[in-house]
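Biologist: Please take me through this structure. I will ask for the reason behind each term.

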Amino acid sequence: MIKLTINGKTVEIEDGATIMEAAAKAGIKDVHTYGSCRICVVEVDGMKNLQASCIVRARDGMVVHTNSPKVRAARKVLYELLLSDHPKDCLSCNRNQSCELQEL
């Protein structure tokens, strides 16, 4: 087991788990699970760039921020990029009201 801190909360999780899995175990809801889109980015103390929590392995002593100004700004740009290439037929789409993009 390893310990890390996410948004000021200490989390203990099995070695080899991702940051996203640790956040879910801690009940943190603002790390999204949208695949390779990078919407799940988080800020990790000591790392230069934002990290995709769905693929980065949690490490002992890691300090993670899921809702910092830097993270929120990056997610806003990522949402805009996703929407810029998204079909504009949400009202007639069969996934309307059950679409993860709409939820986000």
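Modeller: The questions below go from confidence to the sheet, then to burial and backbone angles.

Biologist: What kind of model is this, and what is the mean pLDDT of the chain?

Modeller: The model is predicted. The chain has a mean pLDDT of 87, and 91% of its residues reach 70 or more. Confidence is highest in β5, at 96, and lowest in helix α3 (residues 100-103), at a mean of 74.

Biologist: In what order do the strands of the sheet lie?

Modeller: The order is β2-β1-β5-β3-β4, in an open sheet of five strands with mixed pairing.

Biologist: What makes β2 and β4 edge strands?

Modeller: Each of them, β2 (9-13) and β4 (51-52), pairs on one side only.

Biologist: How do you know that β3 and β5 count as paired?

Modeller: Two strands pair if there are at least two bridges between them. Two bridges join β3 (residues 41-44) to β5 (residues 63-65), so the pair meets that cut-off. The two strands run antiparallel, and E43 has H65 as its bridge partner in β5.

Biologist: Which helix packs on the sheet, and which strands does it touch?

Modeller: Helix α2 (residues 69-84) does, touching β3 and β5. The direction of α2 makes about 155° with that of β3.

Biologist: What links β3 to β4?

Modeller: They form a hairpin with six residues between them. Pairing between β3 and β4 is antiparallel, over two bridges, and V42 has Q51 as its bridge partner in β4. In the turn, G46 has a positive phi of about 90°.

Biologist: Why is T18 called buried?

Modeller: Buried means under 20% relative accessible area. T18 is at 7%, so the term applies. The residue sits in the loop between β2 and α1 (19-25). Leaving out residues up to four places away in sequence, T18 touches S53, C54, I55, V56, R57 and A58.

Biologist: Which residues touch the most other members of the largest nonpolar core?

Modeller: Those are L4, I6, I19 and V64, in a core of 17 residues. Elements giving two or more residues to this core are β1 (2-6), β2, α1 and β3. Beyond its neighbours within four places in sequence, I19 is in contact with I6, V42, V44, S53, V56, A58, M62 and V64. Another core, of six residues, lies apart from the largest one and includes C37, V41, V71 and L78.

Biologist: Why is N7 called partly exposed?

Modeller: The term covers values between the buried limit of 20% and the exposed limit of 50%. N7 is at 38% relative accessibility, so it counts as partly exposed. This residue lies in the loop between β1 and β2. N7 also has a positive phi of about 50°, although it is not a glycine.

Biologist: Why is Q97 called exposed?

Modeller: Exposed means over 50%. Q97 is at 70% relative accessibility, so it counts as exposed. Q97 is in the loop between α2 and α3. Its phi is positive, about 75°, although Q97 is not a glycine.

Conventions. Residues numbered from 1 in each chain as written. Predicted model: local features only at pLDDT ≥ 70, side-chain atom pairs only at ≥ 80, totals over all residues. Heavy atoms only, no water. Helix = DSSP H or I, 4+ residues; strand = E, 2+ residues; numbered from the N terminus. Contact = heavy atoms within 4.5 Å. Axes fitted to C-alpha atoms, helices over the stretch in contact; angles between N-to-C directions. pLDDT = per-residue confidence, 0-100. Buried < 20%, exposed > 50% of the residue type's maximum accessible area, 1.4 Å probe, protein only. Core = buried A, V, L, I, M, F, W, Y, C linked by side-chain atoms within 4.5 Å.
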